[in-house]
Amino acid sequence: MDYTIDKEALDLLEHQVENLLEQSDGTFGNARTVRNLIEKAMMAQANRLIMSNHIDPEELSTLHKEDFEGN
């Protein structure tokens with residue numbers, strides 16, 4: 001879908017996945033869960049951009065840390 005995840009957002013996503021691994025019984029490997037985290041971030045990004053008066057075209061395809069914070 002051609003999105004970019006900035007460094008801070010990638011660090012947070014990695015931390016969220018690590019937490020999921022720690023909470024699992026050692027069999028966690030569900031790509032759907034990771035996809036859901038990213039899709040929730042995409043929705044958060046869309047809501048964030050709707051509230052913005054000025055949207056830089058690059059922002060339309062960039063996920064930031066704040067987009068992952070509600071996951």
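**Group meeting: helices, core and salt bridges**

Being four residues apart in helix α1, Lys7 and Asp11 are separated by about one helical turn. Their side chains meet in a salt bridge, with 2.8 Å from N to O. As a general point, side chains of opposite charge can pair when their charged atoms come close. Lys7 counts as exposed, because its relative accessibility is 59% and the cut-off for exposed is over 50%. Asp11, at 35% relative accessibility, counts as partly exposed.

Before I go on, please keep in mind that this is a predicted model.

Now the overall layout. The protein has three helices and two strands, and from the N terminus on the order is β-α-α-β-α. Along its principal axes, the C-alpha trace spans about 45 × 20 × 20 Å. There are 71 residues, and 20% of them count as buried. If we take contacts between residues at least 6 apart in sequence, 60% of them join residues at least 24 apart. The exposed surface of the protein is about 5300 Å², with 51% supplied by carbon and sulfur atoms.

Back to helix α1, which covers residues 7–23. How far apart should the ends of its 17 residues be, at 1.5 Å a residue? The expected span is 24 Å, and the end C-alpha atoms are 24 Å apart, so the two agree.

Which residues of α1 are buried? They are Ala9, Leu12, Leu13 and Gln16. Seen down the helix axis, these buried residues fall within an arc of 100 degrees, so they line one face of α1. The face turned away from that buried side carries the exposed residues Lys7 and Glu22. What covers the buried residues of α1 includes β1 (4–5), α2 (31–50), β2 (62–63) and α3 (65–68).

Three of those α1 residues, Ala9, Leu12 and Leu13, belong to the largest nonpolar core. That core has eight residues in all, and the others are Leu37, Ala41, Met42, Leu63 and Phe68. Two elements, α1 and α2, give two or more residues to this core. Take Leu12 as one member: leaving aside residues up to four places away in sequence, Leu12 touches Lys65, Phe68 and Glu69.

Next, the remaining charged pairs. The structure holds five salt bridges, and I will pick out two that involve Arg48. One joins Arg48 to Glu66, with the closest N and O atoms 3.4 Å apart. Arg48 is in helix α2 and Glu66 is in helix α3, so this pair ties together parts that are 18 residues apart in sequence. Glu66 counts as partly exposed, at 47% relative accessibility.

Arg48 also forms a salt bridge with Asp67, and here the closest N and O atoms are 2.9 Å apart. Again the pair links helix α3, where Asp67 lies, to helix α2, where Arg48 lies, so parts 19 residues apart in sequence are tied together. Is Asp67 buried or exposed? Asp67 is buried, because its relative accessible area is 2% and buried means under 20%. Arg48, Glu66 and Asp67 are linked with Glu59 in a network of salt bridges.

One last residue, Asp2, is found in the segment before β1. Most residues other than glycine have a negative phi. Asp2 is not a glycine, yet its phi is positive, at about 65 degrees. Asp2 counts as exposed, with 71% relative accessibility.

Methods:
Residues are numbered from 1 along each chain as its sequence is written. This is a predicted model: local features need pLDDT of at least 70, side-chain atom pairs count only at pLDDT 80 or more; totals for chains, interfaces and linings use all residues. Side-chain values use heavy atoms; hydrogens and water are left out. The expected span of a helix is 1.5 Å times one less than its number of residues. Buried means under 20% relative accessible area, exposed over 50%, partly exposed in between (1.4 Å probe, protein chains only). The arc is that of the directions from the helix axis to the C-beta atoms. Contact means heavy atoms within 4.5 Å. A nonpolar core is a set of buried Ala, Val, Leu, Ile, Met, Phe, Trp, Tyr and Cys residues joined through side-chain atoms within 4.5 Å. A salt bridge is a side-chain nitrogen of Lys or Arg within 4 Å of a carboxyl oxygen of Asp or Glu. Accessible areas come from the Shrake-Rupley method with a 1.4 Å probe; for residues, only the protein chains shown count as cover.
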